Amino acid sequence: MRLVVVGCSGSVSGPESASSCYLLQADRPDGGTTSVLLDLGSGAFGQLLRYVAPEQLDAVLLSHLHADHVVDLAALEVYLRYAPGGPFDAVDVWGPDGTDARIEQLSGEPSSGAEVFRTHAWVDREPVRVGPFEIAPTTVLHPVPAFALRITGPAENGQGTRTLVFTGDTDACDGVLAAAHGADLLLAEAAFEEDRDEVRGIHLTGRRAGELATAAGVQRLVLTHIPPWTSREKVRAEACTTYDGVVDLACPGVTFHL
Ligand SMILES: [Zn+2]
Ligand SMILES: [Zn+2]
């Protein structure tokens, strides 16, 4: 499987990137490709058009319902309904309780998303399957209901499976530690700087993302969700003080092969 960074800016879109959105794909034995999105934040829909035809999406997996993770569902809805060749088949959307009401709020029309999305609510630690992917949501620590997503899928080299863990938005907590255990790639948010942002219960810092990666024994750490007002290099340097493995910064258009 492979992970394409569509947007990686945190909290708001930035001059270099849309907000949270990642395209996860796996080739199937029948020659097709399964494509799922992790989040669909502000500005991400337009960037997504670089990588996949939206009607080819098999599912959208939402970490939580904050604006920087979901607002471009409204754009996807317009596309699926009105783009040439449409209306297209409904797309499954997994998210916290209230995802259907959130989509309605975004589109500004009552129940307008009903024909274009099939919404499903995450249940803590209850895996769901989309094609070759098994996705296990785990409740994490954020001001609204939020989930880390542990996704197991076929290795890109055809040998066995690999595990990707996306923290969504969270501070350090037992849930994200359990979710991240032994991951081949940990895609961890690191929105805060350790010596600047003292509030707890919202986001990781680079240092705390590195501590998580070490405690969970992951193979590789990719830092993401860094806002335009936060230093990417500072966050990366913090992570390197607490994790000895490879630390990368997510960038739009970069593909990670697992
Ligand atoms: Zn966020
Ligand atoms: Zn959030």
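Q: Are Asp169 and His225 buried or exposed?
A: In this predicted model, Asp169 and His225 both count among the donors of the zinc ion (ligand 1). Asp169 sits in the loop between β10 (161-166) and α5 (174-180), and His225 in the loop between β12 (220-224) and α7 (232-240). Each of the two residues is buried.

Q: Which residues coordinate the zinc ion (ligand 1)?
A: The donor atoms lie at 2.1 to 2.2 Å from the zinc ion (ligand 1). Along the sequence, the donor residues are spaced D-H-x99-D-x55-H. They are Asp68 (OD), His69 (NE2), Asp169 (OD) and His225 (NE2).

Q: Which residues coordinate the zinc ion (ligand 2)?
A: Here the coordination distances are 2.1 to 2.4 Å. The donors of the zinc ion (ligand 2) follow the spacing H-x1-H-x75-H-x26-D along the chain. They are His64 (NE2), His66 (ND1), His142 (NE2) and Asp169 (OD).

Q: Which residue bridges the zinc ion (ligand 1) and the zinc ion (ligand 2)?
A: The two zinc ions lie 3.5 Å apart. Asp169 appears among the donors of the zinc ion (ligand 1), and Asp169 is also listed for the zinc ion (ligand 2). The bridging residue is therefore Asp169.

Q: What is the arrangement of the four donor atoms around the zinc ion (ligand 2)?
A: A tetrahedral site would need all angles between 85 and 135 degrees. The four donor atoms around the zinc ion (ligand 2) subtend angles of 91 to 167 degrees. The arrangement is therefore classed as irregular.

Q: How many residues apart are His142 and Asp169?
A: His142 lies in the loop between β8 (133-139) and β9 (147-154), whereas Asp169 lies in the loop between β10 and α5. Both residues are buried. This pair links distant parts of the chain, and its separation is 27 residues.

Q: How many helices and strands does the chain have, and what is its radius of gyration?
A: The chain has seven helices and 14 strands. For 258 residues the globule rule gives 18 Å, and the value for this chain is close to that, so the chain is as compact as a globular protein of that length. Its radius of gyration is 17 Å.

Q: What percentage of the 258 residues in the chain is buried?
A: A residue is counted as buried when its relative accessible area is under 20%. The chain exposes about 10400 Å², with carbon and sulfur atoms supplying 50% of that area. Of the 258 residues, the buried share is 55%.

Note on methods:
Residues numbered from 1 in each chain as written. Chains lettered and ligands numbered in written order. Predicted model: local features only at pLDDT ≥ 70, side-chain atom pairs only at ≥ 80, totals over all residues. Heavy atoms only, no water. Donors = N, O, S within 2.8 Å, 3.2 Å for Na, K, Ca; no water. Helix = DSSP H or I, 4+ residues; strand = E, 2+ residues; numbered from the N terminus. Buried < 20%, exposed > 50% of the residue type's maximum accessible area, 1.4 Å probe, protein only. Rg over C-alpha atoms; globule rule 2.2 N^0.38 Å. Areas by Shrake-Rupley, 256 points an atom, 1.4 Å probe, with all protein chains shown as cover. Tetrahedral: all angles 85-135°; square planar, octahedral: opposite > 155°, others 65-115°.
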